[in-house]
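Trainee: Got a minute to go through this model with me?
Mentor: Sure, put it up and ask away.
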Amino acid sequence: MINDAALVEKPTLHGPLVTLVPLSARHGEAVWQAVHDEETNRLTGNRRAFTREEIQKWCATRPDQPDRLDLAIEDPATGRFLGELALNDLDRDNASAGFRIALTPDSTGRGIGTAATRLLLRHAFEVVRLHRVSLEVYDYNPRAAHVYEKAGFTLEGRARQAHRWDGRFHDVLHMAALRDEWLAAHVTPH
C-alpha cells in the first residue's frame, strides 16, 4: 500500500552530490530559464513555449499537489538550482508512478542526474512504497538512457517511430525500475 503522506508532505532529500528540495515559487525564475533552453526542450520533447507567469504559478502550486512529488535539484554546498525531477502520473491501484527529470545545461555530465535519480528512487521505493517507477526517453538521447540504467531502470520496450522532432520520427524507449529489484541492487543490508 502506498504511503500517501509521503507525497503530501514534501521531503528534502540529501545526497553527497545533490540535495532535492520541494519545488516552489522560489524556483520559478530558474525553471523559466531552463524551459527556454533549446537543447533541454529537444531532450525532454517539450514543444510548448511557457510564459514566465505560467512557470511561476506552476512552481508555486507544486507543494499543494497530493498525488505527485516535484523536487528541485540543488547543489548541496551553494543551493544553486541544477534542475528538477518528479514522480508523476500516480496509479494508486498499481502502486506505480512516472518519472521525469530535466537538468540545467551546465549540470550535465557530472553525475548529477544519476545521483538525483537514485535519491528519488530510494524515496519512492522505501518511503512512498511504490512498486514500479517508469519513464520514457527518446532514442536520440542515449546519454539519458545510460544514466537511467546506471540509476536502476531497465529497458522494457520500444515504441517505434512514436515521436516526431524536427520533421523526423524517433523511437521512444520505455524503461522502469521495480521496487524489489532496485532495493536488492542499491540497498546495503545492515
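Mentor: One term before we start: two strands pair if DSSP finds at least two bridges between them. Also keep in mind that this is a predicted model.

Trainee: Okay, pairing is clear. What's going on in the hairpin of S4 and S5?
Mentor: That hairpin has four residues between the strands, and alanine 95 takes a positive phi near 50 degrees there. S4 and S5 run antiparallel and are joined by seven bridges.

Trainee: Which residue in S5 is the bridge partner of leucine 87?
Mentor: Phenylalanine 99 is the bridge partner of leucine 87.

Trainee: And how does S5 pair with S6, parallel or antiparallel?
Mentor: S5 and S6 are parallel, with three bridges between them. One to look at is serine 96, whose bridge partner in S6 is arginine 132.

Trainee: Is S5 mostly covered or mostly open? How many of its residues are buried?
Mentor: Mostly covered, with seven of its eight residues buried.

Trainee: Let's zoom out. What's the strand order in the whole sheet?
Mentor: The order is S1-S2-S3-S4-S5-S6-S8-S7, eight strands in an open sheet with mixed pairing. S1 (13-14) and S7 stand at the edges with a single partner strand each, so one side of each has no neighbour in the sheet.

Trainee: Which way does S7 pair with S8, parallel or antiparallel?
Mentor: Antiparallel, over eight bridges. Histidine 163 has histidine 170 in S8 as its bridge partner.

Trainee: What about side chains? Which residue forms a salt bridge with aspartate 171?
Mentor: Arginine 158 does, with the closest N and O atoms 2.8 Å apart. Aspartate 171 lies in S8 (168-178) and arginine 158 in S7 (154-165), so this pair ties together parts that are 13 residues apart in sequence.

Trainee: Are those two buried or exposed?
Mentor: They split. Aspartate 171 is buried at 13% relative accessible area, whereas arginine 158 is partly exposed at 46%.

Trainee: How many salt bridges does the count come to?
Mentor: It comes to 13 salt bridges. There's a network of them linking Arg62, Arg68, Asp70, Glu84 and Arg100.

Trainee: What does arginine 122 form a salt bridge with?
Mentor: Glutamate 126, with the closest N and O atoms 3.1 Å apart. The two are four residues apart in helix H5, which means about one helical turn separates them. Arginine 122 is partly exposed at 31% relative accessibility, and glutamate 126 is partly exposed at 34%.

Trainee: And arginine 48, which side chain does that one meet?
Mentor: The side chain of glutamate 54, in a salt bridge of 2.5 Å, N to O. Arginine 48 has a relative accessible area of 44%, so it counts as partly exposed. Glutamate 54 is partly exposed too, at 31%.

Trainee: Changing topic: where does threonine 117 lie?
Mentor: In helix H5. Threonine 117 has a relative accessible area of 0%, so it counts as buried.

Trainee: What is threonine 117 in contact with, leaving aside its neighbours within four places in sequence?
Mentor: Leu85, Phe99, Ile101, Ala151 and Phe153. Phe99 is also the residue that bridges to leucine 87.

Trainee: How far apart in space are threonine 117 and valine 147?
Mentor: They are 8.6 Å apart, C-alpha to C-alpha, and 30 residues apart in sequence.

Trainee: Last thing, pockets. What volume does the largest pocket have?
Mentor: About 1300 Å³. Its lining takes in 49 residues, and Thr44, Arg100, Ile101, Ala102 and Leu103 lie nearest the centre. Arg100 came up before, as part of the salt-bridge network.

Trainee: Which element gives the most to that lining?
Mentor: S5 gives the most to the lining of the largest pocket, with six residues. Other elements supply at least two residues each, including helix H2 (28-34), helix H3 (38-44), helix H4 (52-61) and helix H6 (142-151).

Trainee: How do the lining residues divide into nonpolar, polar and charged?
Mentor: In the lining of the largest pocket, 20 are nonpolar, 17 polar and twelve charged.

Methods: Residues are numbered from 1 along each chain as its sequence is written. This is a predicted model: local features need pLDDT of at least 70, side-chain atom pairs count only at pLDDT 80 or more; totals for chains, interfaces and linings use all residues. Side-chain values use heavy atoms; hydrogens and water are left out. On a 1 Å grid over the protein atoms alone, a cavity is a set of points where a 1.4 Å probe fits but cannot get out, and a pocket is an open set with protein on both sides within 12 Å along at least five of seven lines; lining residues have an atom within 4 Å of a point. Grid points are joined across faces, edges and corners, and a volume is the space filled by probe spheres set on the points. Ala, Val, Leu, Ile, Met, Phe, Trp, Tyr, Cys and Pro count as nonpolar, Asp, Glu, Lys and Arg as charged, and the others, Gly among them, as polar. A salt bridge is a side-chain nitrogen of Lys or Arg within 4 Å of a carboxyl oxygen of Asp or Glu. Buried means under 20% relative accessible area, exposed over 50%, partly exposed in between (1.4 Å probe, protein chains only). Contact means heavy atoms within 4.5 Å.
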